[in-house]
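Open the model in your viewer and keep the selection panel at hand. The stops below are given in the order in which to select them.

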Amino acid sequence: MKEILRTGDPVQLSWVSALLAGENIEAVVLDTHMSFAEGSISAIPRRIMVADEDYESAMRLLADAGETETVTEKADSLLGGQVGLYQPRGGYRVAVDPVLLAASVPAASTERLLDIGTGAGAAALCFAHRVPGSRVTGLELQPDMTALARRNVELNDMKGRVAILDGDLLRPPRELEGGDFDHVIANPPYLPAHRADPPPDGSKAAANVEGEAALADWVDFALRMARPKGGVTFIHRADRLDELLVLFQGRAGGIVVFPLWPKKGREAKRVLVRARPGVKTPMRLSAGLVMHEEDGGYSKDALTILRDGGALTL
């Protein structure tokens, strides 16, 4: 599990718990007994924890509600320390979604990949690490995140293989030509504008809530950038799967829907969806991946991907 908030304010604790419950995100509050033992409910801040697969959604939700702050950067790592990553210490932080997204691409070493909305570059760098010789381009709207992603490229000694472009998918930079990529991936904002009020901080708003570019624009751009019979892969909320399928209908085939199950018997909250422009193969529903064992630890298959940098076959 991951910590999303630490607070000694009972009002904030109650409010955040209710906020998470409203989105069907299960939270666990730690240190409650210690607080009571100290004789004051606010003597020791209590930690609100969520499952790893809910971390990104929870942080986006808190950012949207103004409950997090972005402060200085810190060095972090992915794939069991194989990929270094500078990222904001507070606010939106990378969890497992970009790692799973990068692992799902069946690419050869000579192929090209575009990561739309690359952020700090997590998915782009994980993919480049797993597929030596591949060439990767990341597109990022926010200049501060673009700078951070470029710094991460240097940190991982991938300057010759990974390029980060500063630009908007609605008005893409001239370096991006249609049909130029073997694979296009995206981890777009999960919340549509009509379901959330964007936080006042522009950086948080872009990461958490759809802005000028809606989901349809992300799909349009991805399909335009992919070569015929290439691959377009999105990771998104399961409750928006219907929107994704409608957007791909008639424009791409070979669609694979890959559920990410929190545990056996639990409903999926995330899905990976791959589509191939210029292909007419019928849609396929995959068995998916169970992320956690009953004790809360990662499953063996999940660890192979998240810790060892293995591939994820859709």
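Two strands are said to pair if DSSP finds at least two bridges between them. The model on screen is predicted.

**Stop 1: strands β6 and β7.** Select residues 112–116, which form strand β6, and add residues 135–140 for strand β7. The two strands run in the parallel sense and are joined over five bridges. To find one of the contacts, pick R112 and look across to β7, where R135 is its bridge partner. Now show the surroundings of β6. Why does this strand count as largely enclosed by the rest of the structure? Because four of its five residues are buried.

**Stop 2: helix α5.** Next select residues 122–130, the helix α5. How many of its nine residues are buried? Seven are, and the helix is mostly covered. Colour A122, A123, A124, L125, C126, F127 and A128 to mark the buried ones.

**Stop 3: two loop residues with positive phi.** Select L79, in the loop between β4 (73–78) and β5 (83–88). Its phi is near 55°, a positive value in a residue other than glycine. Then select D157, in the loop between α6 (143–155) and β8 (162–166). D157 is not a glycine either, and its phi is positive at about 55°. Is each of these residues buried or exposed? L79 has a relative accessible area of 5%, so it is buried, the limit being under 20%. D157 is at 73% relative accessibility and therefore counts as exposed, for which over 50% is needed.

**Stop 4: V279.** Go to the loop between β12 (270–276) and β13 (284–285) and select V279. With a relative accessible area of 14%, V279 is buried. Add A252 to the selection and draw a C-alpha to C-alpha distance: the value is 6.1 Å, although 27 residues separate V279 and A252 in sequence.

**Stop 5: a charged patch.** Finish on the surface. Which residues form the negative patch here? Select E293, E294, D295 and D301 to display it. E293 sits in the loop between β14 (289–290) and α10 (300–306). At 38% relative accessibility, E293 falls between the limits of 20% and 50%, so it counts as partly exposed.

Key: Residues numbered from 1 in each chain as written. Predicted model: local features only at pLDDT ≥ 70, side-chain atom pairs only at ≥ 80, totals over all residues. Heavy atoms only, no water. Buried < 20%, exposed > 50% of the residue type's maximum accessible area, 1.4 Å probe, protein only. Patch = residues over 30% accessible without salt bridge, like charges linked within 9 Å, V, L, I, M, F, W, Y side chains within 5 Å. Areas by Shrake-Rupley, 256 points an atom, 1.4 Å probe, with all protein chains shown as cover. Salt bridge = Lys/Arg side-chain N within 4 Å of Asp/Glu carboxyl O. Lys, Arg positive; Asp, Glu negative; His and termini not counted. Charge placed at Lys NZ, Arg CZ, Asp CG, Glu CD.
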